[in-house]
Amino acid sequence: MANSNPLAMAEREGRLEGYAAVKNQVDRQGDVIADGAFGNLTEFVRDGFVSVAHRHQRLPIGFIEEAREDDHGLWVAMRFHQTPAGQAAYTVAKERLAAGKTVGLSIGYVPRTWRWETLGSQRVRRLTQIELKEFSLVTVPAMPLAQATGVKAETDDLAPRWPKTSVDELNPARWTLRS
């Protein structure tokens, strides 16, 4: 008899882990997330969702199981829904990671408190408190180091990997920022 427990079925259909955000680095939008800025992690896990490219008008592709801040940033774990869109995202993420490619991640949030700073010759917004709403699988993340580190099904044993982008690639002088 087939297992009718949706969570057990979702476990077989895919889990993704990685960094949805990286702290203390300037992103392509000129934002820097400060230590301790993720203040609503309990609500984020309970009410947040996972989408593709921040398309909030579409149904989520998955749900957040875990989220925590560590020295690197916001680590997340999610399960893909069994919908066609959820399973398509799972397949793409799994194939890309297996081929040694990146899977970008990005957070959707409401900035609550921030301050403007100058780093070198660049004016940046240091986010000191943000309200997380969702995270998305994206093609080009605002923060290149925000990437999936592993994706697997119940029968897979893919080892997690560290993001391929180096901190040197985050040099703001190499970017064109929007005004």
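A pocket is an open set of grid points where a 1.4 Å probe fits, with protein on both sides within 12 Å along at least five of seven lines. Keep that in mind for the exercises below, and remember that this is a predicted model.

**Exercise 1. Describe the largest pocket: its volume, its lining and the elements that supply it.**

Step 1. Start with the space itself: the largest pocket has a volume of about 460 Å³.

Step 2. Now look at the walls. There are 23 lining residues, and V52, V92, L137, V138 and T139 are the closest to the pocket's centre.

Step 3. Sort the lining by class, and you get 13 nonpolar, 6 polar and 4 charged residues.

Step 4. Ask where they come from. At least two residues each are supplied by β3 (49-52), α3 and β7, and α3 gives the most, with 5 residues.

**Exercise 2. Do the same for the second largest pocket.**

Step 1. Its volume is about 340 Å³.

Step 2. This pocket is lined by 25 residues, and those closest to its centre are D27, S106, I107, Y109 and A142.

Step 3. By class, the lining splits into 16 nonpolar, 5 polar and 4 charged residues.

Step 4. β1, β2 (31-33), β6 and β7 each bring at least two residues to this lining. β6 gives the most, with 6 residues.

**Exercise 3. Find the largest nonpolar core and say which element gives the most to it.**

Step 1. Count the members: the largest nonpolar core has 31 residues.

Step 2. Pick out the residues with the most contacts inside this core. They are L16, L74, F80, I107, F135 and L137.

Step 3. Trace the core back to helices and strands. Each of these supplies at least two of its residues: β1 (15-22), α2 (41-47), β4 (62-69), β5 (73-80), α3 (84-98), β6 (104-119), β7 (122-138) and β8 (148-152).

Step 4. Among the elements, β7 gives the most, with 5 residues.

Step 5. Zoom in on I107, which you've already met beside the centre of the second largest pocket. Setting aside neighbours within four places in sequence, I107 is in contact with A20, A21, I33, F38, H54, L74, I130, L132, E134 and F135.

**Exercise 4. Is R125 buried or exposed, and which side chain does it join in a polar contact?**

Step 1. Locate R125: you'll find it in strand β7.

Step 2. Check the accessibility. R125 has 16% relative accessibility, so it counts as buried, the cut-off being under 20%.

Step 3. Look for a partner. The side chains of R125 and D31 are joined by a polar contact of 3.0 Å.

Step 4. Widen the view to contacts in general. Beyond neighbours within four places in sequence, R125 touches G30, D31, V32, Y109, P111, W114, R115 and W116.

**Exercise 5. Take N24 and H54, and work out where each lies and what its phi is.**

Step 1. N24 is in the loop between β1 and β2, while H54 is in the loop between β3 and β4.

Step 2. Neither is a glycine, yet N24 has a positive phi of about 60° and H54 has a positive phi of about 55°.

Step 3. Finish with accessibility. At 37% relative accessibility, N24 counts as partly exposed. H54 has a relative accessible area of 28%, so it is partly exposed.

Step 4. Link back to the core exercise: H54 is one of the residues in contact with I107.

Notes
Residues numbered from 1 in each chain as written. Predicted model: local features only at pLDDT ≥ 70, side-chain atom pairs only at ≥ 80, totals over all residues. Heavy atoms only, no water. Core = buried A, V, L, I, M, F, W, Y, C linked by side-chain atoms within 4.5 Å. Buried < 20%, exposed > 50% of the residue type's maximum accessible area, 1.4 Å probe, protein only. Helix = DSSP H or I, 4+ residues; strand = E, 2+ residues; numbered from the N terminus. Contact = heavy atoms within 4.5 Å. 1 Å grid on protein atoms, 1.4 Å probe; cavity = no way out; pocket = protein on both sides within 12 Å on 5 of 7 lines; lining within 4 Å. Points joined across faces, edges and corners; volume = space filled by probe spheres on them. Nonpolar A, V, L, I, M, F, W, Y, C, P; charged D, E, K, R; others polar. Polar contact = N/O pair within 3.5 Å; in protein donor to acceptor, adjacent residues only side chain to side chain.
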